[in-house]
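Biologist: Could you take me through one part of this model in detail, please? I would like to hear about the place where the two domains of a chain meet, and then how that chain meets its partner.

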Number of protein chains: 2
Amino acid sequence: MSKDEVILLDFWVSPFALRAKIALAEKGVEFEARQEDLLGEKSELLLKSNPIYKKVPVLVHNGKAVNESTIIVSYIEDTWPTPSLLPPCAYGRATARFWADYVDKKLFDGGSKIWRSKGEEVEVAKKEFIEILKVLEGALGEKEYFGGDSFGFVDILAIPITAWFYAYEQYGNFKVEDECPKISAWIKKCLERESVASGYPEPTKVYEFVGLLRKMLGLE
Amino acid sequence: MSKDEVILLDFWVSPFALRAKIALAEKGVEFEARQEDLLGEKSELLLKSNPIYKKVPVLVHNGKAVNESTIIVSYIEDTWPTPSLLPPCAYGRATARFWADYVDKKLFDGGSKIWRSKGEEVEVAKKEFIEILKVLEGALGEKEYFGGDSFGFVDILAIPITAWFYAYEQYGNFKVEDECPKISAWIKKCLERESVASGYPEPTKVYEFVGLLRKMLGLE
């Protein structure tokens with residue numbers, strides 16, 4: 001659809017890079033995903049494009065770099081407006097940004113606390129994570145997607161993190177489906193979309209990757 | 001300028017509430033600031049309007065509540081577009097959002113670490129804070145404001161936190177002016193604006209307030 005040069009500095013298991021991939025796919029923008037070796041040496045393009053954080057994802061659009069996944073998704077929305085990911089009215093946009101921000105502040109870090117913990121801390125982390133999920137389930141309510149009938153901004157930011165839920169369940173000994181059936185149904189619904197399914201990593205592979213991280217952190 | 005009902009749930013020393021006040025003033029929007037007693041009992045309107053965080057600021061516009069200061073400033077920009085706080089091009093907007101996010105993640109928490117620390121930790125916190133400031137000084141460069149020639153989004157998010165710098169200097173035993181002269185000049189420039197100066201708390205009063213917080217936290 002686009003003749004622009006669009007490069008995404010990517011890492012297969014990164015939920016943050018997946019946000020950018022889903023947003024680009026929803027907009028029908030062709031792009032080249034370049035895998036970074038985050039456990040090895042970072043590419044020169046990554047270090048040059050993201051000197052502050054030196055992290056994926058980075059979107060390089062016609063030579064200009066955009067960093068931080070939520071900002072990348074906003075940039076994609078501003079650059080390729082159709083189909084829109086945010087509602088047209090200011091209040092709807094503010095509501096979407098509020099839940100996007102809640103997801104950014106809580107969901108990944110909350111889940112990571114489960115597998116980064118040991119002993120009794122695991123139970124505390126699990127309870128906190130389920131609380132976070134229940135707040136999100138309340139925001140979803142009876143709607144199909146966070147914004148209503150159409151897949152949008154909050155869904156794009158949240159759905160990639162759900163690929164890590166299987167790992168959280170294994171280390172926390174619980175089932176998201178039992179705790180939050182609406183979130184569970186929303187995940188299944190989102191996974192029917194090609195934009196989501198095509199880059200969504202196999203949850204068992206994410207679990208293996210988490211096992212590797214735990215070894216590196218001396219937790220196993 | 002506006003016949004809308006605009007209420008801001010405010011707290012005099014909150015840099016986050018000041019962001020909303022500056023943005024509204026820049027847009028020429030009349031509003032009623034209602035002081036919350038954050039050390040006492042929170043108002044019913046606050047608890048109802050911000051059930052997730054129960055914090056100021058909350059912007060209540062014609063009965064609809066918007067939470068989280070950066071989202072409030074975005075909402076103000078979307079609702080009252082003139083004069084614009086964000087540049088028109090997608091890349092300029094992404095750059096502004098990147099630095100806004102950097103300020104949100106680093107500046108207030110980095111400064112708070114100085115007065116929340118004891119003994120040798122103070123020196124570590126001070127060094128980290130100066131590093132953060134130097135990164136911002138690099139982003140500012142030779143420009144008058146973060147976005148260039150006109151006062152905008154990043155300035156509005158960052159300038160309120162500078163009212164706390166005097167307290168950071170007192171507890172950290174350093175001078176921002178010595179470390180980051182460009183940031184210091186930018187603060188002076190911003191304070192010439194009525195929108196900033198009118199709600200900017202007296203830095204010595206902020207210092208007294210921090211002293212109170214330190215007592216409450218058992219640090220003095």
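Modeller: Happy to; here is the domain contact, followed by the chain contact.

This is a predicted model, so local features need pLDDT of at least 70 and side-chain atom pairs count only at pLDDT 80 or more, while totals for chains, interfaces and linings use all residues. Residues are numbered from 1 along each chain as its sequence is written, chains are lettered from A and ligands numbered from 1 in the order in which they are written, and side-chain values use heavy atoms, with hydrogens and water left out.

Chain A is split into domain 1 (6–79) and domain 2 (90–217), with bounds taken from an automatic or database domain assignment. Their C-alpha centres are 21 Å apart. Domain 1 of chain A brings 15 residues to the contact and domain 2 of chain A brings 22 residues, where contact means heavy atoms within 4.5 Å. Between these domains about 1,700 Å² is buried, and carbon and sulfur atoms give 75% of that; buried area is the accessible area (1.4 Å probe) that two parts lose on being put together, summed over both. On the domain 1 side, A:W12, A:R19 and A:I22 lose the most area to domain 2 of chain A, together 31% of what that side buries.

A:R19 also forms a salt bridge with A:D104, with the closest N and O atoms 2.9 Å apart. The rule (a side-chain nitrogen of Lys or Arg within 4 Å of a carboxyl oxygen of Asp or Glu) finds 2 salt bridges across this domain interface. Two elements, α1 (15–27) and α3 (69–79) of chain A, give two or more residues each to the domain 1 side; helices here are DSSP runs of H or I with at least four residues, and strands are runs of E with at least two, numbered from the N terminus. The most comes from α1(A), with 8 residues.

Now for the partner chain. Here 24 residues of chain A are in contact with 24 residues of chain B. The buried area is about 2,200 Å², with 69% from carbon and sulfur atoms. Across this interface there are 6 salt bridges. A:R93 forms a salt bridge with B:D78, and their closest N and O atoms are 3.1 Å apart. On the side of chain A that touches chain B, β4 (64–67), α3 and α4 (90–116) of chain A each supply at least two residues, and α4(A) gives the most, with 11 residues.
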